[in-house]
Amino acid sequence: MSYLILTETQLPPQMLEMIGDLCRVELWRGMETDPALLAEAEGFLTYGHPHIGGAEMDRMPNLRIISNFGVGVDHIDLHAARERGIPVGNTPGFVDNATADMTFALLMAIARNVAIGDRYAHSPEFTAYDPSILHGHEVYGSTLGIIGMGAIGKQVARRASGFDMTILYHNRNRNLDAEAETGATYAALPDLLAQADFVTLNVPLTPETRSLIGRDQLRQMKPTAYLINLARGGVVDHDALLEALTAKWIAGAALDVTEPEPLPRDHPLLALPNLIIAPHLGSATRQTRIGMAQRTVDNLLAGLHGQPLLSRVA
Ligand code: 8YV
C-alpha cells in the first residue's frame, strides 16, 4: 500500500528515507498540478511556505493530512482545513532553541557591526587597525524587549538573562512561567518600545500580529534601538521600516524574514547600511532540522493511517 503525497519542493534525502516506501512523493505545482495527481493525493507535506487555502484543498478531495515542516502555519488556512476535516500537523518545540540562538546571533551581529565589519575586513580598504571605527551598542546589561513570550520568546529571555539584560516582554497574556524563570517583566507595547535597546519579534503571524510594528511603533522606539525580526515578514510594515531606518528613527534592524521572501533584489531595504538580513535561517541547524523532519514525517504517517497526530494545530 503506498500513499500519494505532494510537496512543493524536493524533500531532502533524509526525509525521503524516513518516509521510506510508504509514500510516493510528487511535486505540487500550485493550480497547475496535474489534476490526476490532485485527485489522488492523500497527504501534503509543506516543506516551505506554499499557500494552501480552501480552493487548493477542494482540488484534493482525498486529502487526509497536511503536515507542516515548521511551527508557523500562517500559509495554511486552518479554518478551511477544520471545515473540511483535514488535520494539520506542525512541529512545536523543535525549533525553539535554534530560533532563539539565531535571534541572539542577529541581535549581536547588528549591535556589534559584525556584517559591516566582515565586509570591511575582507575589503582592500582595511589596511590598518583603527580603534575609532564601528563602535557598536553594548549588549551586556542593556534592555531587551521581547514581543511574543511563547516557547521561542522564553528561550530568548533565558539567553538574555545570561547577558544580565533587563528583560521586558509583551504578549497577549502574561507568561508567569517565563517571568519566574527569567525575571522578565510584562510591559504594555508602548512602554516596551520606549524602553528597550533591542526589540525582538517572536510572535506567529496572525490577523492580530500583521503589521504589529508600523510607523507609530517605530516612532516610539529609541533612536539608539534595534529591531530584530525572527517571526514573519508580515509582522513588520516594510515601508514604515524603510522610513524609520532611512530617517534614523531607530539605529538599525536585523531581519531573518521578509514579505515577500525573498525581497525583490532591487528592494530599497537591501541597500541600507543599518539593516542586516538572513535568508530565513531561524531553525536552520543540523540538529533541529532532524527533529523537525522526524516530527513532520510522524505527523504525516499518523494522518495517512487515520491516527492522532503527535502535534496537531487544526
Ligand atoms: C522553518 C519556520 O524553517 O518553524 C517555522 O515556523 O519559519 C522555520 O523554522 C520553515 O517553516 C520551513 O519551511
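**View 1. Leu-134 sits in the loop between α6 (114–122) and β6 (143–147).** In this predicted model, have a look at the backbone here. Most residues other than glycine have a negative phi. Leu-134 is not a glycine, yet its phi is positive, at about 50°.

**View 2. Two cis peptide bonds in the loop between β11 and β12 involve Pro-260 and Pro-262.** As background, most peptide bonds are trans. The bond from Glu-259 to Pro-260, however, is cis, with omega near 0°. Moving along the chain, Glu-261 and Pro-262 are also joined by a cis peptide bond, and omega is about 0° there. Where do these prolines belong? Pro-260 is placed in the loop that links β11 (252–255) to β12 (275–277), and Pro-262 is found in the loop between β11 and β12.

**View 3. Helices α5 and α7 cross each other.** Two packed helices are described by the angle between their axes and the distance between the axes. Here α5 covers residues 96–111 and α7 covers residues 151–162. Their axes come within 8 Å, with a crossing angle of roughly 50°. The two helices, α5 and α7, are therefore oblique to each other. As for handedness, the crossing of α5 and α7 is right-handed.

**View 4. The ligand is surrounded by 13 residues.** Which of them come nearest? Those are Val-71, Gly-72, Arg-232, His-280 and Ser-283. If you sort the shell around the ligand by class, you will find five nonpolar, six polar and two charged residues.

**View 5. Oxygen atoms of the ligand meet polar atoms of Tyr-47, His-49 and Ser-283.** It helps to take these contacts one by one. For Tyr-47, the partner is a polar backbone atom, 2.9 Å from a ligand oxygen. His-49 instead offers a polar side-chain atom, which lies 2.9 Å from an oxygen of the ligand. Ser-283 also uses a polar side-chain atom, with a distance of 2.5 Å to a ligand oxygen. How much of the ligand does the protein cover? On its own, the ligand has 330 Å² of accessible area, and the protein covers 91% of that.

Conventions
Residues are numbered from 1 along each chain as its sequence is written. This is a predicted model: local features need pLDDT of at least 70, side-chain atom pairs count only at pLDDT 80 or more; totals for chains, interfaces and linings use all residues. Side-chain values use heavy atoms; hydrogens and water are left out. A residue is near a molecule or strand if one of its heavy atoms lies within 4 Å of it. A polar contact is a pair of N or O atoms within 3.5 Å; within protein, one must be able to donate a hydrogen and the other to accept it, and residues adjacent in sequence count only if both atoms are side-chain atoms. Accessible areas come from the Shrake-Rupley method with a 1.4 Å probe; for residues, only the protein chains shown count as cover. Ala, Val, Leu, Ile, Met, Phe, Trp, Tyr, Cys and Pro count as nonpolar, Asp, Glu, Lys and Arg as charged, and the others, Gly among them, as polar. Axes are lines fitted to C-alpha atoms, for helices over the stretch in contact, and angles run from 0 to 180 degrees between N-to-C directions. Helices (H or I, at least four residues) and strands (E, at least two) are DSSP runs, numbered from the N terminus. Angles under 35 degrees count as roughly parallel, over 145 as roughly antiparallel, 65 to 115 as roughly perpendicular and the rest as oblique. A crossing is left-handed if the near helix is turned anticlockwise from the far one by less than a right angle, and right-handed if clockwise.
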